[in-house]
Amino acid sequence: MRSLSSGYAAVVFGATGGIGAAVLSLLRTDPGCALAVGLSRADGLDLEREDRIAALAARLRRETAGVTLLFDATGALAIDGAMPEKGLAALDPVAMARQFAVNAIGPALLFKHFAPLIPRDRRALFATLSARVGSIGDNRLGGWISYRAAKAALNQVVRTAAIEIARRHPHAVVAALHPGTVRTRLSDPFAGDRARLEPSDAARRLLGVLDGLEPARTGCFLAYDGGEIPW
């Protein structure tokens, strides 16, 4: 990450998933990265347990002098066996609430507890994986209502968090990133014959996009190729 000061510390949430593991691997090979921490369920990370998120943030506050790169690679498409809906008739309020808990509320809590670890005096990056299907302006197919709505809510969280973070951390950049269709367990049931990026390629592209963002662009929604996605 050329835009970060040498010796930077990084945290990857969802570090055992396909994209998260690839991002963590790349950061650990970056000569400028002094510490790359991967957090997952194995480390006590539970997006539906604020107490665990707060405890992990408190631990890192004690162990580091600040975290300059935070990358949220969490998220789920099918939860508890509930697949994306094909139409309104398939809506289930319990399944919809779980989508919001995992894909919107959980990442919001990561911002709440981990944004205070960002240093105020130098560049810092906080990215979260969103999805193109969370775009309202780009929605032309319908379906997948709960997942779409949860990702749209996440996009609003990112935009709002970016505004607040910028007030205290003027060098920080916050971004929602669409990784494309990546060869992971999440996309396996839906990919069909569609071409998919390898996790390592997606990770490299996402970090490259993030590395090139200036603070003036904080709060943006971008694809893995750097293209802007409409809200």
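This report looks at a pocket, a bent helix and a buried asparagine in a predicted model.

## The second largest pocket

Let's start with the open space. The second largest pocket holds about 330 Å³. Its lining counts 14 residues, and the ones closest to the centre are Phe111, Ala115, Pro116, Glu164 and Ile165.

Two elements, α3 (93-114) and α4 (145-168), each give two or more residues to that lining. The largest share belongs to α4, with seven residues. Sorted by class, the lining is a mix: seven nonpolar residues, five charged and two polar.

## Helix α3, bend included

Now for one of the two helices just named. α3 runs for 22 residues and spans 30 Å from first C-alpha to last, close to the 32 Å expected at 1.5 Å a residue. There is a bend of about 40° along the way, at alanine 101.

Ala101 is also on the list of buried residues in α3. Its buried neighbours on that list include Gln99, Val102, Asn103 and Ala104, and further along come Gly106, Pro107, Leu109, Leu110, Phe111, His113 and Phe114. Phe111 turns up again here: it is buried, and it is among the residues closest to the centre of the second largest pocket.

## Asparagine 155 in α4

Over in the other helix, α4, sits asparagine 155. Asparagine 155 counts as buried because its relative accessibility is 2%, and the cut-off for buried is under 20%.

What does asparagine 155 touch, leaving aside residues up to four places away in sequence? Its contacts are Ser130, Gly134, Ser135, Ala176, Phe221 and Trp231.

Key
Residues numbered from 1 in each chain as written. Predicted model: local features only at pLDDT ≥ 70, side-chain atom pairs only at ≥ 80, totals over all residues. Heavy atoms only, no water. 1 Å grid on protein atoms, 1.4 Å probe; cavity = no way out; pocket = protein on both sides within 12 Å on 5 of 7 lines; lining within 4 Å. Points joined across faces, edges and corners; volume = space filled by probe spheres on them. Helix = DSSP H or I, 4+ residues; strand = E, 2+ residues; numbered from the N terminus. Nonpolar A, V, L, I, M, F, W, Y, C, P; charged D, E, K, R; others polar. Buried < 20%, exposed > 50% of the residue type's maximum accessible area, 1.4 Å probe, protein only. Contact = heavy atoms within 4.5 Å. Expected span 1.5 Å × (residues − 1). Bend = angle between axes of the 7 residues up to and from the residue.
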